[in-house]
Each structure stands twice: as structure tokens, then as C-alpha cells.
Amino acid sequence: MVTKKIAVLFSGSGTNLENLFVKLHNKIFNGVKIEIVLTICNKENAGGIDKSLKYGVKPVILKHKEFASRDDFDKKLVEVIKNADVDLCVLAGFMRILTPHFTKNVKAINIHPSLLPLFKGADAIRQSYDANAKKAGASVHFVNEELDGGEVIAQKSFVREVNMNYEEYEANIHKIEYEILPKAVVELLVNNNFISR
Ligand code: GRF
């Protein structure tokens, strides 16, 4: 059987990471098995660390503060990812701006909690909520040198109801993230969609 290997990078609570473990790890799609072989975290206290351990994958902790420069950190990141020989790298709440060294050497996708190209960058949920956007949602995109700027490969939205409070709004966005990120991974790795990048 063909096995496709993925790496997941995260910085925070790791709910997207856990969702990927639940929906994809060691599961078979059209005769292709997907395996999360590597997880990497840049924060030693991130909640996602325990989640990764729970599924049997010990995260590699690379504390960016211990590297002299962004380039040095990314060089190490690329080395670790290359050594794992993965087919795809998934950024699931990995809060780092990546250098061209990373983007040129690693095929990666990212989940972002807005309808890109709207509301790039940190705090996108709060930004769109405060902007009173009528529609909200999440996007999966290829990672390139521009922050949240790579080609969008999956997106889903909902219409914001009048009086929707922030917690409901945020929960709707996360629900969409949990749906479209694993789907995008399967599309890329199993159905060979978007492979022409
Ligand atoms: C997600 O909303 C993701 O879109 C954003 O950071 C959040 C990560 O949450 N980039 P979690 O760590 O997956 O819970």
C-alpha cells in the first residue's frame, strides 16, 4: 500500500493538530494511507504537545528564541523536515513568519481563520469580527514568502447572523477549519488535486 507521510507544525493549543490525528492518521483513503510521522512545535509549553504525545508522536521542540536568526531557525526546521522525508508539511497554528529558505525547500499548506485574501496576519478572527464582515470562514493555502499570501486551495464560509457573539463566531470558524484542512490534505495527497504547483 502507498503511504503518504505528513509533518504538522504548531505553536498553540493544537486543536487542528488533534483533528488531523483523528481524521487522517493511519487512515486509508482510496488505497492510500496517510501517516503523521513528524510534529514540530516552537513553544515548549504549547498545549498541542500533549495532544501529539497522546497519538504516539513525540514532537520535536525547536525553540525559535534559541536561534541567532530567523534564517538559522528555518535552516534547522527544513533539515528536520527533510530528514523525515514527508510528502507534505501542514502548518496548523504555527505562528512563525517563514523565510524563502523554508518556502523554497518545503511543500507546505497553512490553515488561516479568514476568507483570504481578507484579514491576513495574526488575530484574523478578531479583525474580521470587529470589521462586521457579513461572511466569515477559513482558508487553506499554499505557503509562500508572503504571509498568508499563497494560492488558496480550499475555503468555506458562513453568513454571520445579526447579534452573533464573538464566541459563537469563533466556534463557527474553527468548525470550518476542522472540516477543510483534513479534506485539503486528502485532495492533495490522495486525489492529486492542485499538484501542479
Ligand atoms: C487556528 O485558528 C489557525 O487557523 C490559526 O491559529 C489557530 C490554531 O489553533 N492560525 P489550534 O492550535 O489548532 O487550536
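Which residues does V140 touch, not counting residues up to four places away in sequence?

**View 1. Contacts of V140 in the predicted model.** Leaving aside residues up to four places away in sequence, V140 touches I109, N110 and I111. V140 also touches E151, V152, I153 and A154. I180, L181 and A184 complete the list.

**View 2. The largest nonpolar core has 41 residues.** V140 is among the residues with the most contacts inside this core, together with I6, V90, I109 and V185. Helix α6 (residues 166-189) supplies the largest share of the core, 11 residues. Another core lies apart from it, with 20 residues. Its members include A84, V86, C89 and A108.

**View 3. C41 and C89 are not bonded to each other.** The sulfur of C41 has its closest cysteine sulfur in C89, at 13 Å. A disulfide requires sulfur atoms within 2.5 Å, so this separation is too far for a bond. C89 is likewise in no disulfide. The count of disulfides is 0. C41 is buried, with a relative accessible area of 0%. C89 is also buried, at 0%.

**View 4. The largest pocket has a volume of about 740 Å³.** The lining comprises 38 residues. Closest to the pocket centre are G93, F94, M95, I111 and P113. At least two lining residues come from each of α1 (15-24), β6 (108-112), α5 (124-130) and α6. Helix α6 gives the most, with 4 residues. By type, the lining divides into 15 nonpolar, 15 polar and 8 charged residues.

Key
Residues numbered from 1 in each chain as written. Predicted model: local features only at pLDDT ≥ 70, side-chain atom pairs only at ≥ 80, totals over all residues. Heavy atoms only, no water. Buried < 20%, exposed > 50% of the residue type's maximum accessible area, 1.4 Å probe, protein only. Core = buried A, V, L, I, M, F, W, Y, C linked by side-chain atoms within 4.5 Å. Contact = heavy atoms within 4.5 Å. 1 Å grid on protein atoms, 1.4 Å probe; cavity = no way out; pocket = protein on both sides within 12 Å on 5 of 7 lines; lining within 4 Å. Points joined across faces, edges and corners; volume = space filled by probe spheres on them. Nonpolar A, V, L, I, M, F, W, Y, C, P; charged D, E, K, R; others polar.
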